[in-house]
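Here is a small set of exercises to work through with the model open beside you. Try each task before reading its solution.

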Amino acid sequence: MKIGIILTTTREGRVSDQVGNWLLEQSKAYSKSQFEIVDLKDFSLPILGEADPNNGIARWKEKLSELDGYIFALAEYNHSVPGVLKNALDYVGTEMANKAAAIVSYGAAGGARSAEHLRAIFGQTNTADINTHVLLSLFYDFENFTTFKPLDIHGTNLDQLFKSLDAWSKALQTIR
Ligand SMILES: Cc1cc2nc3c(=O)[nH]c(=O)nc-3n(C[C@H](O)[C@H](O)[C@H](O)COP(=O)(O)O)c2cc1C
C-alpha cells in the first residue's frame with residue numbers, strides 16, 4: 001500500500017514537518033506499507049477560485065489519487081483544521097474516495113477539536129477514518145512548544161493505528 005503522510009501546515013516555524021518525519025520513522029517499525037511525506041507547501045495551492053497559472057492543483061490531485069491511504073499530521077488552529085488544509089481539501093473530488101485515513105494531531109488539547117472537524121470533512125470526501133487516534137500534547141510532547149520530543153506512551157496507539165490503516169487500505173482497494 002502507498003500511504004501519504006500529509007503535512008497540514010505551511011507557516012514559517014511550523015512543527016508539522018517534525019511530526020511528519022517522526023511518523024515516517026515510526027512507519028518502518030510498525031508497517032509494511034510504503035510511506036512518503038506529502039507537504040502542502042510543495043503544491044502552492046491558491047485559495048479556491050483564485051487564478052494562478054503556476055499552481056500545483058493538478059499535481060495535488062494526482063498525488064492524492066496515486067495513494068491508497070493517508071495519515072494527517074494535523075495541527076489545530078482556532079479549534080479547527082488549519083485553513084491551508086481546508087483549502088487543499090476543497091479541491092478534492094473523488095481522489096480520496098474509498099480510501100482510509102488516520103489522524104495524528106497535536107495541540108494544547110492534543111488537537112482533538114481539529115481532528116473531529118477533519119472527520120466531518122472525511123464524510124464528504126468519502127474517506128474511511130480510522131478510529132484510533134494519536135493525540136500529541138504541545139505541553140508534554142514538545143519542548144518550548146517547538147521542539148518535538150514525543151513521550152514513549154504513544155507506542156500502543158501508533159501500533160493500532162498503523163495496523164488499522166494497513167488493513168483498511170487493503171480492504172478498500174478491492175472496491176475501487
Ligand atoms: C492561527 C493559530 C491558531 C491556533 N489555535 C489553536 C487552537 O485553537 N488550539 C490549540 O490547541 N492550539 C492552537 N494554536 C497553537 C498551535 O497548536 C501550535 O502553534 C502548533 O505548533 C501549530 O502547528 P504548526 O506549528 O505545524 O503550524 C494556534 C496556532 C495558530 C498559528
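## Exercise 1: Two residues with positive phi

S44 counts as partly exposed because 14 C-beta neighbours lie inside 10 Å; the class lies between buried (20 or more other C-beta atoms within 10 Å of its own) and exposed (12 or fewer), with C-beta atoms placed from the backbone. Before going further, note that this is a predicted model, in which local features need pLDDT of at least 70, side-chain atom pairs count only at pLDDT 80 or more, and totals for chains, interfaces and linings use all residues. Residues are numbered from 1 along each chain as its sequence is written.

Task: place S44 in its loop and describe its phi, then do likewise for N98.

Solution. Start with S44, which sits in the loop between β2 (34-39) and α2 (57-66); helices (H or I, at least four residues) and strands (E, at least two) are DSSP runs, numbered from the N terminus. S44 is not a glycine, yet its phi is positive, about 45°. Next comes N98, in the loop between α3 and β4. N98 is not a glycine either and has a positive phi of about 55°. N98 has 15 C-beta neighbours inside 10 Å, so it counts as partly exposed.

## Exercise 2: Loop positions

Task: find the loops that hold V92, H79 and P53, and decide how exposed each residue is.

Solution. First, V92 is found in the loop between α3 (83-90) and β4. V92 is partly exposed because 18 other C-beta atoms lie within 10 Å. Leaving out residues up to four places away in sequence, V92 touches L64 and T125 (contact means C-beta atoms, placed from the backbone, within 7 Å). The C-alpha atoms of V92 and R11 are separated by 22 Å, with the two residues 81 apart along the chain.

Second, H79 belongs to the loop between β3 (69-74) and α3. H79 has 13 other C-beta atoms within 10 Å, so it is partly exposed. From H79 to G69, 10 residues apart along the chain, the C-alpha separation is 25 Å.

Third, P53 lies in the loop between β2 and α2. P53 is exposed because it has 5 other C-beta atoms within 10 Å. P53 and Y106 are 53 residues apart along the chain, and their C-alpha atoms are separated by 34 Å.

## Exercise 3: A helix pair

Task: at what angle do the axes of α1 and α5 cross, and which residues make the contact?

Solution. Begin with the axes, which are lines fitted to C-alpha atoms, for helices over the stretch in contact, with angles running from 0 to 180 degrees between N-to-C directions. Those of α1 (residues 16-30) and α5 (residues 155-173) come within 10 Å and cross at roughly 75°. The two helices are therefore roughly perpendicular to each other (65 to 115 degrees; under 35 is roughly parallel, over 145 roughly antiparallel and the rest oblique). Then list the contact: α1 contributes Q26, S27 and Y30, while α5 contributes L158, D159 and F162.

## Exercise 4: The nonpolar core

Task: which members of the largest nonpolar core touch the most other members?

Solution. Such a core is a set of buried Ala, Val, Leu, Ile, Met, Phe, Trp, Tyr and Cys residues joined through C-beta atoms within 7 Å. The largest one has 46 residues, and I71, F72, A73, L74, V104 and L165 touch the most other members. Strand β4 (residues 100-107) supplies the largest share, six residues. Finally, beyond four places in sequence, V104 is in contact with V19, L23, I71, A73, L74, V134 and L136.

Definitions and conventions: Contact = placed C-beta atoms within 7 Å.
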